[in-house]
Amino acid sequence: MDYNELIAGFAAKFGVEGIVTKDGITALSFDDIKVEIVHNEVDGSVLLYGVVGQGPTEDIPKYNAFLLQANFLFQGTGGATLSQNPRTKEYVLVRAFPLEHLDTDAFIAMLEAFVNGVERWRTLLANFNPVREEADAMEQEPLPFSGIIRG
């Protein structure tokens, strides 16, 4: 199945009209999640690209370490890769699939899993605040020498 047949099959299955593919790129929106589907003719693959969001303004090293660790053996990303767009500085999730192994149903399944992955990472990263978590943990620990000084 070729790229245009996959997009047409998706549109037919869900009754979506007016899907436009320009320069091998098809943009779709699922609620507030925009996914770009890119046809890479060079290696015969389909690339999915979804914006996770802007990163934090503080504690960036912990944030980036968290993302890099999720990429390790794709354990936290379901086979996709988390990265940062060097131009926009947005964090993105990207995944490629060989076109030759896709039919409409497989394409829809991978697209659904990818959109769910973007949504999951948006939620995780929106709630990412290791400084607050560390402060909360410290509040739970008894202070050293507590109970020694009596008034």
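Accessible areas here come from the Shrake-Rupley method with a 1.4 Å probe. By that approach, the accessible surface of the chain in this predicted model adds up to about 10000 Å². Carbon and sulfur atoms account for 55% of that surface. As for what is tucked away, 32% of the chain's 151 residues count as buried.

Turning to the fold, the chain has four helices and six strands. Going along the sequence, these elements come in the order α-β-β-β-β-α-β-β-α-α, so to speak a helix at the start, then four strands, a helix, two strands and a pair of helices at the end. Contacts also reach across the sequence: taking those between residues at least 6 apart, 59% link residues that are at least 24 apart.

One residue worth a look is T26, which sits in strand β2, a stretch covering residues 25–30. T26 counts as buried because its relative accessibility is 0%, and the cut-off for buried is under 20%. Its side chain makes a polar contact with the side chain of Y3, at 2.8 Å. Another polar contact joins the side chain of T26 to that of T21, this time at 2.6 Å.

Y3 and T21 turn up again in the wider set of contacts. With neighbours within four places in sequence set aside, T26 touches Y3, I7, I19, V20, T21, V35, E36 and I37. In short, T26 is a buried residue of strand β2, with side-chain polar contacts to Y3 and to T21.

Terms used. Residues numbered from 1 in each chain as written. Predicted model: local features only at pLDDT ≥ 70, side-chain atom pairs only at ≥ 80, totals over all residues. Heavy atoms only, no water. Buried < 20%, exposed > 50% of the residue type's maximum accessible area, 1.4 Å probe, protein only. Contact = heavy atoms within 4.5 Å. Polar contact = N/O pair within 3.5 Å; in protein donor to acceptor, adjacent residues only side chain to side chain.
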